[in-house]
Amino acid sequence: MVGHFYPHCPQPDLTVGIASHTDPGVVTVLLQDQIGGLQVKYEEEWLDVKPVPGALVINVGDIFQIISNDQYKSVEHRVLANPSKDPRVSIAVFCNPSNRENSFGPLPELLSPQNPAQFRQFTFADYMRRFFTKELDGKSLVNYYRV
């Protein structure tokens, strides 16, 4: 779980809160306050995720994309700097595999001659090592593990 605190930014048009990225895990559960600032990329456009009181935002992560063999796509998202005079707060819970040495890849039940594996097998530990040694520059690591 991670708590994010975004103080007021006097020139939000000159900075970014968190750069464009996808989450590496299975899913991320996010509670955002009423101020907002989260955007998701849809096609080539950035869309605001409007805060809804009491609602949670669920982001599909890279591992979910891989185990679903591309049936679900990880969500590219970013966070804008805070233009509000009030501080912005959000809480994210990252749901990840507990055993990082297990082998991951597309679920065998989803594969067939008509739907071959789009990804090779790997360990979550290897995946996370690669994730934390690169910048969050909007590029997902899923392509590294493609067949």
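Visitor: Is Arg130 buried, exposed or partly exposed?
Guide: This model is predicted. The relative accessible area of Arg130 is 31%. Buried needs under 20% and exposed needs over 50%, so Arg130 is partly exposed.

Visitor: Which residue forms a salt bridge with Arg130?
Guide: The partner lies with Arg130 in helix α2 (residues 124-132). The two are 4 residues apart, about one turn of the helix. The partner counts as buried, at 18% relative accessibility. The closest N and O atoms are 3.4 Å apart, and the residue is Asp126.

Visitor: Which residue joins Asp70 and Lys73 in one network of salt bridges?
Guide: Asp70 forms a salt bridge with Lys73, with 3.4 Å between the closest N and O atoms. Asp70 is buried at 16%, whereas Lys73 is partly exposed at 48%. Shared partners extend the network to Arg146.

Visitor: Is Gln65 buried or exposed?
Guide: Gln65 sits in helix α1 (residues 62-67). Its contacts beyond four places in sequence include Asp70, Lys73 and Arg146. Phe119 and Val142 are also among them. The cut-off for buried is under 20%; at 5% relative accessibility, Gln65 is therefore buried.

Visitor: How far apart are the N and O atoms in the salt bridge of Asp48 and Lys50?
Guide: Asp48 is partly exposed, at 46%. Lys50 is exposed, at 61%. Their side chains meet, N to O, at 3.9 Å.

Visitor: Which are the edge strands of the open sheet?
Guide: The sheet has 4 strands, paired antiparallel. Their order is β2-β7-β4-β5. An edge strand pairs on one side only, and this holds for β2 (16-21) and β5 (45-48).

Visitor: Which residue of β7 stands opposite His21?
Guide: Strands β2 and β7 (residues 77-80) run antiparallel. They are joined by 3 bridges. Opposite His21 stands His77.

Visitor: What is the area of the nonpolar surface patch with Leu56?
Guide: Leu56 lies in the loop between β5 and β6 (57-60). Leu56 counts as exposed, at 52% relative accessibility. Together with Leu31 and Ile58, Leu56 makes a patch of about 290 Å².

Visitor: How far apart in space are Ser98 and Pro113?
Guide: Ser98 is in the loop between β8 (88-95) and β9 (103-104). Ser98 is exposed, at 78% relative accessibility. Ser98 and Pro113 are 15 residues apart in sequence. From C-alpha to C-alpha, the distance is 31 Å.

Conventions. Residues are numbered from 1 along each chain as its sequence is written. This is a predicted model: local features need pLDDT of at least 70, side-chain atom pairs count only at pLDDT 80 or more; totals for chains, interfaces and linings use all residues. Side-chain values use heavy atoms; hydrogens and water are left out. Two strands pair if DSSP finds at least two bridges between them. Buried means under 20% relative accessible area, exposed over 50%, partly exposed in between (1.4 Å probe, protein chains only). Contact means heavy atoms within 4.5 Å. Patches are made of residues with over 30% relative accessible area and no salt bridge: like charges are joined within 9 Å, nonpolar side chains (Val, Leu, Ile, Met, Phe, Trp, Tyr) within 5 Å. Accessible areas come from the Shrake-Rupley method with a 1.4 Å probe; for residues, only the protein chains shown count as cover. A salt bridge is a side-chain nitrogen of Lys or Arg within 4 Å of a carboxyl oxygen of Asp or Glu.
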